[in-house]
Amino acid sequence: MSTNKKIILVGKPNSGKSLLFNQLTGLRQQVANFPGVTVELKSGMFDGFELVDFPGTYSLKSLSKDESIAIEQLHRALESQHTSLIVCNLDATKLERSLVFALQVQALAKSHSKGCVFALNMMDEVARFGFEYDTKALSEKLGSPVYAISAKTLLGIKEFQAALKHHAMKPQSAQVRTTELGKSENTPALVKAKSLAKEFGIRQEIMLKKQNMIDGLLLNSVFGALAFALIMFFLFQSIFTWAAPLMDGVEHVLSLLAAIVSSSLPVGTFNDFVNDALFGGVGAFLVFVPQIMILTLIIGLLEDSGYLARAALICHKPLSLFGLSGRSFIPYLSGHACAIPAIMAARTIESPRKRLITMMTVPLMSCSARLPVYALLIAILVPDLAYLGGWVNLQGIIFFVLYFGGILTALIVSKMIHVFITEEGSQNDLPFILELPSYRLPHWRPLFYKTLNSGIYFVKRAAPIIFMVSVVIWVLGYFPSNGDLQNSYLAMIGRFIEPVFAPLGIDWRYGVAILVSFLAREVFVGVLGTLFNIDDAEENMMGLAEQIQEDSFTLASGVALLAFYVIALQCVATVATLKGETSKNRYSWGVFLVYGVLAYCLSALLYAMLS
């Protein structure tokens, strides 16, 4: 356990707390603009102290699972002798809501003889309305120092850093002093917060005037629904349209690199290994990294702008018809990046029943690992046609249909679970309550790092698996006949299992790729890249789609494969996460088996109908 002196950072969601943590520690942490996104403690070093960022919380009386975890950890931190100081982050645009929790924490810190300071964040927002806070008077009222800052524009950050170190180094006995509020300690925090906000805070009607005007459009039953549909369609179009030039660039660089390396090596087994296993297998999935980064960028823009919370509100009524909550929208959308954090994000759903349904159906969202599979099969089956001056792409439309198919399947399964499963807290569900954050321009540096890290994370997670699988596949396919695929070990295995995949209209090569991709979906592309490059090594090693087309791959088989990958749960890490969150094998492995059988049956049916 670390023996560093600690500074605890707390505050309500959407108050700029995570961005302040980034500025103080220099860490590249995710900043999201909707409630409850942070469900894990984050820590970093600040001038010799360990700064710990606690999840956003509204009160010491928890409503959701993630809040109860945060509050429990906060109590433990205050009991620890290593904790030197508590920093309460306040939203200057919504002082009353911030103070409710901050005053509770201040009283708790005082009971443990811990010092407490307040960071009055988002001062750039209130300054736009010509408003100034009397921080000196507010400090006197609170009995703790208040520092006006903006984590976004760095206003007052240097002064705050110096003050933070000064307060943290004080002996704990000197941290706590008598407060004006101390004369009425039994007064509820809500009453105190209202009084202080009325005396010192900016009037909410001033702050909400512009927000209400925009919400009048975006939350309108007609225009809001249309805007939501267009934004979601734009998101999926961007994956193909914006990422295409970057993907072409990556493919060109890899092709040049492959040619240079191949020409410098002597002809033989090692040359074949480098060409076929490395560039053909591992290199085949690298071209899809730009798509993942573009997806992360667009979702990040929606988060930081404040639209995601509105989208959750828009989705609440239709989602409730399927036994879900408006808060289910956030895990569902996050699931399009990765199911693992999306399942964990379901902790913010107050209802145990709706939380369970959400977690069990999140794997049906088309995560980033499916992107390489979709992109490959769409490139094979769908012509690259553009409309409306290049803004709309036919491949992008099919991409949208696949994502929508996953969402539709998730909703149908959710309704079935809601009807047939009657346990897990079906009674006494808490009401749907969601704070709408202010509209803001994104902070570009954290968004840039978040986008970059999404690509790096994907490569780090997928590359080792794809490398190992590619090497194994290459060895099985190269020996014992030195490259004669038809007489290799891999051909023997593939032909043995081929009857299982015959109803899907695919041969043994695709069957092997499907089986291996249960380790990670994106391995499907790497395996096929390795197989086809071994089979035809003199061809362009990055032209996997062209090689499959030349192999007489049919439309019916392609549709069957796409349907299979839309539904099947092919991620061991997701199953493990479900087990950890539900604590029951029957949910985690049950979902794995049910989705696998459903995917196989639907794929076989589609192939029979189209062939």
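**Exercises on strand pairing and helix packing**

In this predicted model, Lys6 stands opposite Glu50 in β3.

**Exercise 1.** Determine how strands β1 and β3 run relative to each other, and how many bridges join them.

*Solution.* Strand β1 covers residues 6-11 and strand β3 covers residues 49-53. The two strands run parallel, and 4 bridges join them.

**Exercise 2.** Place β1 and β3 within the sheet, and identify the edge strands.

*Solution.* Step one is the strand order: β2-β3-β1-β4-β5-β6, an open sheet of 6 strands with mixed pairing. Step two concerns the edges, where β2 (42-46) and β6 (146-148) each pair on one side only. Step three is the twist, which averages 25° from one strand to the next.

**Exercise 3.** State which strands helices α5 and α6 touch.

*Solution.* Helix α5 (residues 135-142) packs on the sheet against β5 (115-121) and β6, and its direction makes about 155° with that of β6. Helix α6 (residues 157-168) also packs on the sheet; it touches β1, β2, β3, β4 (83-91), β5 and β6, and its direction makes about 145° with that of β4.

**Exercise 4.** Describe how helices α16 and α18 meet.

*Solution.* The axes of α16 (residues 352-361) and α18 (residues 394-420) come within 10 Å and cross at roughly 140°. The helices are therefore oblique to each other. The crossing of α16 past α18 is right-handed. On the α16 side, Arg353, Ile357, Met360 and Thr361 make the contact; on the α18 side, Ala410, Val413, Ser414, Ile417, His418 and Val419 do so. By class, the contact residues comprise 6 nonpolar, 3 polar and 1 charged.

Note on methods:
Residues are numbered from 1 along each chain as its sequence is written. This is a predicted model: local features need pLDDT of at least 70, side-chain atom pairs count only at pLDDT 80 or more; totals for chains, interfaces and linings use all residues. Side-chain values use heavy atoms; hydrogens and water are left out. Axes are lines fitted to C-alpha atoms, for helices over the stretch in contact, and angles run from 0 to 180 degrees between N-to-C directions. Angles under 35 degrees count as roughly parallel, over 145 as roughly antiparallel, 65 to 115 as roughly perpendicular and the rest as oblique. A crossing is left-handed if the near helix is turned anticlockwise from the far one by less than a right angle, and right-handed if clockwise. Contact means heavy atoms within 4.5 Å. Ala, Val, Leu, Ile, Met, Phe, Trp, Tyr, Cys and Pro count as nonpolar, Asp, Glu, Lys and Arg as charged, and the others, Gly among them, as polar. Two strands pair if DSSP finds at least two bridges between them.
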